[in-house]
Amino acid sequence: MFEKINSKVVTVDIGAAGGVVARTGGMLFYTGDVSFAPHEIPGGAGMGGGGGLVRMAGRMMTGEHQRTMLAQGTGQVHYGFAGLEVQVVPIQPGATLQVEASRLLAYTAGLQTSVVSVMSSGGGGGGGLMGALRGAASGALTGQGMFTTQLSGHGSAVLLAHGGYLELQIGGPNPVVVDPQAFIASYGNVQTELKTAVSWRDAVGKGSGEAMQLQCAGQGVVYVQASEEKL
């Protein structure tokens, strides 16, 4: 549904897509009869008990929440943001895309959305409020929020990357370990778990993957940017 114009801009037929949700400031220009309205990502689902309380904790402690706009009507809209690299990911039923909120440019409005914790998705940190708080604390150490936007259903999404991106296939005998600051998203049936590579005391003040590491296992793809730059 999204089509890349070049490495930094995508275009989409809003009518054919059934509407598009994009981060505020991501629309570059459009033609046709298109309207824009503020949009709120539904949250709580997938985060265990606590719902809105967990979602609020994530937003307060990690700054992961991004303001979004819903575009509807008929016409062609072009999206891009801050000159960052873009990547279109088709989403098929049965697969899930989990993406850092700051690295999600746009997605088709028909997709189901929720906010989840990386800690709870890996099975090692627990769901609910405690899992959310652990994820937020880990995000504070890595310099990267550990709450992600989860998209499922049928549609497509556009990712943002600083310095380009890599697609890492997940499914071999060994998990792939990623620097949390370089992590963009995972697609498919991928389980992520944040692990401490050094003691918590030694990790204070260190924001790189040497202190905290994101272990990815299962079946699917992990998208990694060629930089530790926070978007």
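Residues 24 or more positions apart supply 84% of the chain's contacts with a separation of 6 or more. The model is predicted. Its chain has 231 residues, and buried residues make up 49% of them. The accessible surface is about 9800 Å², with 54% of this area belonging to carbon and sulfur atoms.

Five helices and 15 strands form the secondary structure of the chain. Strand β14 takes part in two antiparallel pairings, with β7 and with β15. The table gives the bridges and one residue pair for each.

| Strand pair | Sense | Bridges | Residue pair |
|---|---|---|---|
| β7 (residues 96-100) and β14 (residues 183-196) | antiparallel | four bridges | Val 99 and Ala 185 |
| β14 and β15 (residues 212-225) | antiparallel | 13 bridges | Glu 193 and Gln 215 |

The largest nonpolar core contains 19 residues, and Leu 97, Leu 151, Leu 159 and Tyr 223 have the most contacts inside it. Two or more residues of this core come from each of β6 (85-91), β7, β8 (104-108), β11 (155-161), β14 and β15. The strands of both tabulated pairs, β7, β14 and β15, are thus among the contributors.

Leu 159 can be followed further. Setting aside neighbours within four places in sequence, Leu 159 is in contact with Leu 97 and Tyr 223, and also with Val 99 and Ala 185, the bridge partners listed above. Its other contacts beyond that range are Glu 85, Val 86, Gln 87, Val 89, Arg 103 and Ile 184.

A second core, separate from the one around Leu 159, has 18 residues. Phe 2, Ala 22, Ala 71 and Tyr 79 are among them.

Key. Residues numbered from 1 in each chain as written. Predicted model: local features only at pLDDT ≥ 70, side-chain atom pairs only at ≥ 80, totals over all residues. Heavy atoms only, no water. Pairing = 2+ DSSP bridges. Core = buried A, V, L, I, M, F, W, Y, C linked by side-chain atoms within 4.5 Å. Buried < 20%, exposed > 50% of the residue type's maximum accessible area, 1.4 Å probe, protein only. Contact = heavy atoms within 4.5 Å. Areas by Shrake-Rupley, 256 points an atom, 1.4 Å probe, with all protein chains shown as cover.
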